[in-house]
Amino acid sequence: MMPRIISRAAAKRRGLKRYFTGKPCIHGHTHERIVSSRCCLGCQRAYNSSPKGRARMTRYDRAPKGRERRWKTNHSPKGRDSLWRYHQSPKGREAQRRYDQAPKGQDRIWRRVHSEVGKETRRRYQRSAKYQNYRRGYENAERLNRYLDPKSSDFNMDRAYAIIARRQRGGR
Ligand SMILES: [Zn+2]
């Protein structure tokens, strides 16, 4: 859809950020232009995706101003939503996996696991029925191995059969 034609002066008077002359720029884009800089959006888009433009964006993202802006975006409802969608996407998952395996990511995981919050999460998990159940299953398997091992001092067929019978009934 073509934007409506509006001169720069008229757009400025109305407090708009963009104007549109309908005439192509020197690079042949027929796009809207920015009132403040007269910059063509087509040119800007091309610049932003060029190596030079990308490098500049990276520098901006790392500077205090860029970080603040990013933080604000990521914490706004819209930003959170788009971040969440990105993390669910194959691309986002892959990036997360790569990050987790890199030294920086490993360090972060280590710090999280050893943080108070991480320790509390771990304690909560260990109190959960899921973990208790898993733990019981594991201990029973170990015990069963000892009962079934003729070389073990715990060798005891009756107890082994009792565990096997309980398992067959669907218990642990
Ligand atoms: Zn242009």
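Author: The expected span of a helix is 1.5 Å multiplied by one less than the number of its residues. The model discussed here is a predicted one.

Reader: How do you know whether helix 3 agrees with the expected span or not?

Author: Helix 3 covers residues 51-62, and its twelve residues should span 16 Å at 1.5 Å a residue. The C-alpha atoms at its two ends are 17 Å apart, so the two values agree.

Reader: What is the outcome for helix 7?

Author: Helix 7, residues 103-114, has twelve residues and should span 16 Å. Its end C-alpha atoms are 16 Å apart, which agrees.

Reader: And how does helix 4 stand against the expected value?

Author: Helix 4 runs over residues 64-75, twelve in number. From its first C-alpha to its last it reaches 16 Å, close to the expected 16 Å.

Reader: What makes helix 3 "hardly covered"?

Author: A residue is buried if 20 or more other C-beta atoms lie within 10 Å of its own. Among the twelve residues of helix 3, the count of buried residues is zero. For helix 4 the count is also zero, and for helix 7 it is zero as well. Hence the description "hardly covered" for helix 3, for helix 4 and for helix 7.

Reader: How much of the protein chain do buried residues make up?

Author: Buried residues make up 2% of its 172 residues.

Reader: What helices and strands are there in the protein chain, and how many?

Author: There are ten helices and two strands. Along the sequence they follow the pattern α-β-β-α-α-α-α-α-α-α-α-α.

Reader: How do you know whether the protein chain is compact or spread out?

Author: For 172 residues the globule rule gives 16 Å, while the radius of gyration of the protein chain is 31 Å. That is well over the rule, so the chain is more spread out than a compact globule. Taken along the principal axes, the C-alpha atoms fill a box of roughly 95 × 35 × 30 Å. Of the contacts with a separation of 6 or more, 9% are between residues 24 or more positions apart.

Reader: Which domains is the protein chain divided into?

Author: The assignment gives domain 1 (8-49), domain 2 (55-88), domain 3 (93-127) and domain 4 (130-168). The C-alpha centres of domain 2 and domain 3 are 22 Å apart.

Reader: Why is Arg143 counted as buried, exposed or partly exposed?

Author: Exposed means 12 or fewer neighbours and buried means 20 or more, with partly exposed in between. Arg143 has 15 C-beta neighbours inside 10 Å, so it counts as partly exposed. This residue is in helix 9 (residues 129-148).

Reader: Why does Ala141 get its class?

Author: Ala141 is also in helix 9. Ala141 has 12 other C-beta atoms within 10 Å; 12 or fewer is exposed, therefore Ala141 is exposed.

Reader: What do Arg143 and other residues in helix 9 meet in helix 10?

Author: Asn140, Arg143, Leu144, Tyr147 and Leu148 in helix 9 meet Arg159, Ala160 and Ile163 in helix 10. The C-alpha atoms of Arg143 and Arg159 are separated by 9.2 Å, with their positions 16 residues apart along the chain. For Ala141 and Ile163, 22 residues apart along the chain, the C-alpha separation is 8.9 Å.

Reader: How do helix 9 and helix 10 cross?

Author: Their axes come within 8 Å and cross at roughly 145°, helix 10 being residues 157-168. The crossing is left-handed.

Reader: What makes Arg122 partly exposed?

Author: Arg122 has 13 C-beta neighbours inside 10 Å, so it falls between the limits for exposed and buried. Arg122 is placed in helix 8 (residues 116-127). Arg13 is 109 residues away along the chain, and the C-alpha atoms of the two are separated by 61 Å.

Reader: Why is Arg38 assigned its class, and where is Arg38 found?

Author: Arg38 has 10 C-beta neighbours inside 10 Å, so it counts as exposed. Arg38 is in the loop between strand 2 (33-34) and helix 2 (41-49). The phi of Arg38 is near 60°, a positive value in a residue other than glycine.

Methods
Residues numbered from 1 in each chain as written. Predicted model: local features only at pLDDT ≥ 70, side-chain atom pairs only at ≥ 80, totals over all residues. Helix = DSSP H or I, 4+ residues; strand = E, 2+ residues; numbered from the N terminus. Domains from an automatic or database assignment. Rg over C-alpha atoms; globule rule 2.2 N^0.38 Å. Contact = placed C-beta atoms within 7 Å. Axes fitted to C-alpha atoms, helices over the stretch in contact; angles between N-to-C directions. Left-handed = near helix turned anticlockwise from the far one by under 90°.
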